[in-house]
Amino acid sequence: SEEDIRRSLISGFSFGSMIALGVAARINPSRLALYSLSPYFKEKIPFPEKYNNQHNQRILNDFNNFSLIRLCKAIKCPTLIFIGSQEKQKYPHMWQVARRAGSLIKDSRLILIDGTGHDVSAPLYVKAIEKALT
């Protein structure tokens, strides 16, 4: 029901966080959590050459329909954006997108998780999520 949507938390990890952002922009949940937001939106950030293969290119072409700016401006709920410190170092393009999303979403908080990488199941990542959601 519409009431359930208003009381819901939508979340996603990596490419799933792009999908969660797109869904949240349409249905306006009560909260949104983006874990390690994938950077491959319509607004181009260079894709690392080592990932440039036919399978990844097809995925990227699909995600090119997602505009980070348009989606973030449509978000009207409190939003948590998580990224690991090791991700920030290893994938600076992810850090750029996380910061950009944080600046575009009015009621957002960017959470840098010290000592963890691109693994939402890592103990430090889980601890940061638990802390932020309680």
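Which residues of β3 are buried on one side, and which on the other? The legends below address this point and then turn to the surroundings of the strand. The structure is a predicted model, in which local features require pLDDT of at least 70 and side-chain atom pairs count only at pLDDT 80 or more, whereas totals for chains, interfaces and linings use all residues. Residues are numbered from 1 along each chain as its sequence is written, and side-chain values use heavy atoms, with hydrogens and water left out.

**Figure 1. Strand β3 is covered on both faces.** Thr 79, Ile 81 and Ile 83 are buried on one side, and Leu 80, Phe 82 and Gly 84 are buried on the other. Buried denotes under 20% relative accessible area, exposed over 50%, and partly exposed the range in between (1.4 Å probe, protein chains only). The strand spans residues 79-84, and six of its six residues are buried. Helices (H or I, at least four residues) and strands (E, at least two) are DSSP runs, numbered from the N terminus.

**Figure 2. Strand β3 pairs with β2 and with β4.** Two strands are taken to pair if DSSP finds at least two bridges between them. Four bridges connect β3 in the parallel sense to β2 (residues 31-35), with Leu 34 having Ile 81 as its bridge partner. Towards β4 (residues 108-113), β3 forms six bridges, again with the strands running parallel; here Leu 80 stands opposite Arg 109.

**Figure 3. An open sheet of four strands carries helix α7.** The strand order is β1-β2-β3-β4, with parallel pairing. Because β1 (9-13) and β4 each have a single partner strand, these edge strands are left with one side lacking a neighbour in the sheet. From one strand to the next, the twist averages 15°. Helix α7 (residues 123-133) packs on the sheet and touches β1, β2, β3 and β4, its direction making about 160° with that of β3. Axes are lines fitted to C-alpha atoms, for helices over the stretch in contact, and angles run from 0 to 180 degrees between N-to-C directions; contact means heavy atoms within 4.5 Å.

**Figure 4. Helix α2 and the residue that follows it.** The 13 residues of α2 (residues 15-27) reach 19 Å from first C-alpha to last, close to the 18 Å expected at 1.5 Å a residue; the expected span is 1.5 Å times one less than the number of residues. Buried positions in α2 include Ser 17, Met 18, Ala 20, Leu 21, Gly 22 and Ala 24. Asn 28 follows the helix with a positive phi near 55°.

**Figure 5. Two separate nonpolar cores.** A nonpolar core is a set of buried Ala, Val, Leu, Ile, Met, Phe, Trp, Tyr and Cys residues joined through side-chain atoms within 4.5 Å. The largest has 24 residues, of which Leu 21, Leu 32, Leu 37, Phe 41 and Leu 68 touch the most other members. Two or more residues come from each of α2, β2, α4 (68-74), β3 and α6 (92-104), and α6 gives the largest share, six residues. The second core has eleven residues, among them Tyr 35, Leu 80, Ile 113 and Ala 132.

**Figure 6. Arg 100 of helix α6 and its surroundings.** Arg 100 is partly exposed, at a relative accessible area of 37%. Apart from neighbours within four places in sequence, Arg 100 contacts Leu 68 and Ile 69. Cys 72, 28 residues away in sequence, lies 9.1 Å from Arg 100, C-alpha to C-alpha. Cys 72 is buried at 1% relative accessibility.
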